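These are my notebook entries from one sitting with a structure. I wrote down what I looked up, in the order I looked it up.

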Amino acid sequence: TAIRGIGAKRGKALSDAGMATVEDVASATPEAVAAALRGFSVADASVIIQHAKELLASTPPSSGGLFS
């Protein structure tokens, strides 16, 4: 996926939980991301959200999902 630390399996888990785009992950709560990713703590999820926000800040918006 485009988000650092999220591969295909975790990307699918996020998508299955309703977070199909980088924008979705960036705007999610750490609790929601942690719930979608088995074994991730809220602190780990916060890092993933930060990576998504950094990605959005450094790239133009797209209509693609996590796998773009």
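Entry 1, helix 4. I looked up the exposed side and found A43, A57 and S58 there; exposed means over 50% relative accessible area, buried under 20%, and partly exposed in between, with a 1.4 Å probe and protein chains only. Helices here are DSSP runs of H or I with at least four residues, strands are runs of E with at least two, and both are numbered from the N terminus. On the other side from those exposed residues, I listed the buried residues of helix 4 as A45, I48, I49, H51, A52 and L55. They sit on the same side of helix 4 because they cover an arc of only 155° around the axis, the arc being that of the directions from the helix axis to the C-beta atoms. Helix 2 and helix 3 are among what covers these buried residues.

Entry 2, source of the model. I noted that this is a predicted model, in which local features need pLDDT of at least 70 and side-chain atom pairs count only at pLDDT 80 or more, while totals for chains, interfaces and linings use all residues. Residues are numbered from 1 along each chain as its sequence is written, and side-chain values use heavy atoms, with hydrogens and water left out.

Entry 3, H51. I checked this residue of helix 4 and found a relative accessibility of 15%, so H51 counts as buried. Apart from neighbours within four places in sequence, H51 is in contact with I3 and R4, where contact means heavy atoms within 4.5 Å.

Entry 4, V33. I found V33 in helix 3, residues 30-36, with a relative accessible area of 0%. Its contacts, leaving aside neighbours within four places in sequence, are L14, M19, A28, A45, I48 and I49. I also looked up V33 and L14 as a pair: they are 19 residues apart along the chain, and their C-alpha atoms are separated by 7.1 Å.

Entry 5, the core. The largest nonpolar core has 18 residues, and those with the most contacts inside it include V33 and I48. Such a core is a set of buried Ala, Val, Leu, Ile, Met, Phe, Trp, Tyr and Cys residues joined through side-chain atoms within 4.5 Å. Helix 4 gives the most to this core, with five residues.

Entry 6, the whole chain. I counted four helices and zero strands. Of the 68 residues in the protein chain, 34% are buried.
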